[in-house]
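Here is a round of questions on how the descriptions of a structure are reached. Each answer sets a value against its criterion.

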Amino acid sequence: MTAALIPGVPLLLGLIGLLLPPGDGDRRRPAATLGIAGAAASLLVTLSLLLFAHKPIDVSTHWVSIGGIDLTIGFTVGVAALYVALAVATVALFVQIYSVAYLHDDPRYAPYAAQVSLFTGAMLLVVTSGDLIGVLVGWEVMGACSYLLIGHDRRLPEAPAAAVKAFLVTRVGDVGFLLGVAVLIAGAGTSRIADLRTHDYSSGTLTAALLLILAGVAGKSAQFPLHTWLPDAMAGPTPISALIHAATMVAAGVYVVFRLYPLYDESPAALATLGVMAAITILLGALSATAQDDMKRVLAWSTVSQIGYMTGALAVGSPAAALFHLLTHAAFKALLFLAAGAVIHAVGTNYLSRMGGLREHMPVTFWSFVVGLGALAGVPPLSGFWSKENVLTAAAHATEGGGTAPVWVGWVVWLAALFAVLITAWYATRLLLCAFFGISREHGPDGPDWEIGFDDARYTAPAVPHDPPGAMRWPILILTIPAALLGLVAYAPGFRTALEMEDPHLSVALVLPLVLLAAGAGAAWWLWQAVPGADPAAALGPARHLFASGFHLDTIQDRLVVRPVRAIAKVVTATDEKVVDAAVEGTGTGTTGVGNALAVAHRVPLPTAAVAVLAGALLLGAVAVWFGAAT
Amino acid sequence: MTIYQVALVAVVALPALGAAVVALLKDRTARLVGTGFAAVTLLPIILLPFARSSADGGLWTEVDVSWVSALNLDFHLGVDGVSYPLVALTGLLTVLCTAYLQKSSGRALTALLLVLEAGIAGTFLSFDLILFFLFFEVVLLPMYAVIAGWGGEDRRRAARKFVLYTLFGSVFLLLGVVTVAVSAGTGDLAELAGGAGLDRTTQYAAFTLLAIAFAVKAPLWPLHTWLPDAHTQAPTVGSVILAGVLLKMGTYGLVRVGVGVAPLGAEKAAPVLGILAVAAILAGSLICLRQTELKRLIAYSSVGHMGFVLLGIATLSETGLQAALLGNVAHGLITGLLFFLAGAIKDRAHTGELSELGGLRETAPRLAGVLGFAAIASLGLPGLAGFWGEAFAVVAAVQRGGGLWTTLAVLAAIGGALTAAYFLRLLRRVTHGPARVPATVASTALAPGANGHLLPGVTTVEWLAWSPLAALTLAVGLAPALVLIATSAPVRALTEALP
């Protein structure tokens, strides 16, 4: 059961960490130790299994039987799962180390570190669990941890709302996920994934279950139409964004589809839905990223778009390409967010319009950004180039038919992915130019504030931004290595066979994406050159507002879901009070009223009473006579 | 008599004796002695599982003494896997409640809690219909007294509503019990199991009567309106017992007596029951979205949670019934904890209005942490106790198949998402945001030594009351077998009797 240690250690240490007292100074040390130890232990176990164990590892024990359904605690760990676990544990370790410095003045660091541990453990549980209920446990615990962590920052008024939104939107998707899992389990009578993968479902049931699961996947992996929580989740501390975007949470959905792929491979309808969802998400995310002013939101929308590449790869029948892109994305997105944290740490703002000219003061951060954004855009030979190339090849291959998914799905995904290469290059270049080039716009368009001293009036001396302290710098520096080079493992035969990936081939098909890449980057650079200091996004014209608001989908979601639910709640509550409860209260008051009336009748004065008695006697007599006559 | 039979009787007799002793003592000693009695009662409860001889179903141990033969009334107590978890929960919550009372005065309240324990445990252990009815009724008046004597401002009205409403249900229970006992010529639940000796019509009639009675207790929508008032007004310990175990008498009765004695009736009524259960889930969670008072919100959440339990029962499948039993215990643990916490918050802030609370995370981080844990457990996070009952009620409905049950499963799952919505709203109002101190607190806080409870820290007594519930929530979540281990044989016996 060594595999159980991978999620088990961080989960256990996280639970212990929750019991630590909050506080400053020395009281932070045990929390930091527990947090770092948890991630490091997972990393070590994963590495040792990867190097020494006989794979795939498959262990399970009986957990509980509910009715005729047997649940197991099981861990199924193949090489692919170990690679993902490796990525998760590495990112988590760096995030833990980075957070020690990033949250150096936060008295609630202890629960934060514990929650990061739980978060990591939950993701690792999703990755390693051989049982669908285990996956569900990790899946939901992750949702709860993301809620807690996004809402961590007390200084941001929008943080609690963003946290609630993240949990609720994913939870709406999880309604589908739970039902899908229920259908799969009810059909097979077991929750072991290995058994489910081979169970023979009827095609209707299977498609229904898989579509339901896709709802959950859309929620967790921020796919259209349930992606709306991810940009808002930027209210969380930046290391948390790195964790959510790089290796946990958003990767979980892709990974679950990967685990259940043999089932998806039998359902063209489910794959077609996934493909359409992916194509919309790729373009939606990329276009929305072009117009954001908040640096973290640019990265958030880029995640939405990149996850779309992964689901697109799944839809066109290449789970290997999806997983490869997941791994490279984990590397460069973790790098980008941690580097963004360094920028925000230094200049004290998220807004690109208040940055500029950081290249000279923050060379380490600048070069990390260059590597990260280059990988994101797919510049050869950085990691993103290879994995994105894989996705494009898979999609192009699907347009020839022969796969499970219909041919048109291949076309849709391929075109969306190609077009997004152009846009991605554009916004990546824009981000780099706005943040690091030109002059500092720290004080806005009006220049720095005046300061009146005894001697003379003068400008406030601008604070010189600087590269971050060691605990933050080293994780960034180390992450540049996989972000740059991870793509080359595609040439490692062991890696290829583990993912069942085809041999890399550099063919003429490469030219098209490279031309688009150059065109996108060139366009952004040209705009920047034409009007130095101006945001290239201004060239978007009227579309800028539409893109910046994410196509107004938040408003639509509010109109279509939030408000109706509130209205229904109002009606139901009113019904409960005015009808259901009023009936009960009415019975009570009615009875009291009748009782009072009778009590009054018993207190009438003697003459009236005498009349009433006589009248009664008369009535009874009349009745007696009537019946007597009748018989 | 074996030692197990002695233990069985002791579970009911010790608290009753304790109540009598407490009533004779002075306040401070009385509370200690009361807690002692409640704690000692745990010993026979712990002893009972050792009586379980094999996995063949049947009772672990029983005591059967003829009491009033003219009425077919036997003093027949027994315990099996279905009733044991609830008995254990009753014992645990009573100890925690009596211990919690150490920080305030309340000799009579301690005595009443012990009477309640005797009545509730007796209900769960009775294997004779008439005896079941007697214990069922014994609980009513002490609970009335607890609410009317120690409740909030509007306590008398709430207590009156509670007692009259549940008495209304009891009329149906009495009719049902008499119908069954007279037609079958016996009141012994073991003999009646599977509907033996009752024809189809009698079973229909009996199940209808019994189901209405238990639906009031559980409570099933739309017979639930006594619950929010009673909970809002009841003192903390009253709410804990009420939500923790009293409601379970309804669901337990429905499984043991309703489904057990009139399986044909249950089969016939299952769709209606299922529809009402899902209505309860949806109505409960939607109403929760609009609640502005802490305890009232938690009370309405009980309606939703018990809806899941009733949905599990309504499926009449092994999975559903086991999910219901698990949901019962989980709800007792989690909602008990939530009411303890609501009480603690109200003690500190002197208000339960959500609009006046806020910033608990800053002022009392520990309390906020436990509240967050309880809320997340209550919204059904997998890995904690609340998940199993709800998820597998849905699985059972899916398993049952067909248009109706599939729809019910979908609606119930949506109800699960709504549950998350209102609990997050609760947490956002109470724990996040700037710390708001209501005017009343500010004024009393200025007076030196006015109120010791204003301290943000959590007292030892409170930790003592909360930690077992929190620990068990996690334990049952990780190992649901703790509750389910002995249920499969009796549940299979129940489902096999179904047509």
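**Reasoning from the model**

Q: What makes helix H10 of chain B "mostly covered"?
A: This is a predicted model. A residue is buried if 20 or more other C-beta atoms lie within 10 Å of its own. In H10(B), residues 226-233, eight of eight residues are buried. Among them are Trp226(B), Pro228(B), Asp229(B) and His231(B).

Q: What covers the buried residues of H10(B)?
A: The cover includes four helices of chain B: H6 (140-150), H7 (155-184), H11 (236-261) and H13 (294-315).

Q: Why is chain B called as compact as a globular protein of its length?
A: Chain B holds 22 helices and two strands. Its radius of gyration is 22 Å, and the globule rule gives 23 Å for 499 residues. The two values are close, so the description fits. Of the 499 residues, 64% count as buried.

Q: Which residues touch the most other members of the largest nonpolar core?
A: They are Val91(A), Ala334(A) and Val394(B), in a core of 423 residues. Helix H15 of chain A, residues 319-347, gives the most to this core, with 20 residues.

Q: Which residues does Ala334(A) touch, not counting those up to four places away in sequence?
A: Contact requires C-beta atoms within 7 Å. Ala334(A) touches Val91(A), Phe94(A), Ala242(A), Ala246(A), Ala247(A) and Leu479(A).

Q: How much of residues 129-398 of chain A is helix, and how much is strand?
A: The stretch is 76% helix and 0% strand. An unreviewed UniProt entry annotates residues 129-398 of chain A as "domain: NADH:quinone oxidoreductase/Mrp antiporter transmembrane".

Methods. Residues numbered from 1 in each chain as written. Chains lettered and ligands numbered in written order. Predicted model: local features only at pLDDT ≥ 70, side-chain atom pairs only at ≥ 80, totals over all residues. Core = buried A, V, L, I, M, F, W, Y, C linked by C-beta atoms within 7 Å. Buried ≥ 20, exposed ≤ 12 C-beta atoms within 10 Å, placed from the backbone. Contact = placed C-beta atoms within 7 Å. UniProt positions renumbered as here; feature names shortened; annotations may be inferred. Rg over C-alpha atoms; globule rule 2.2 N^0.38 Å.
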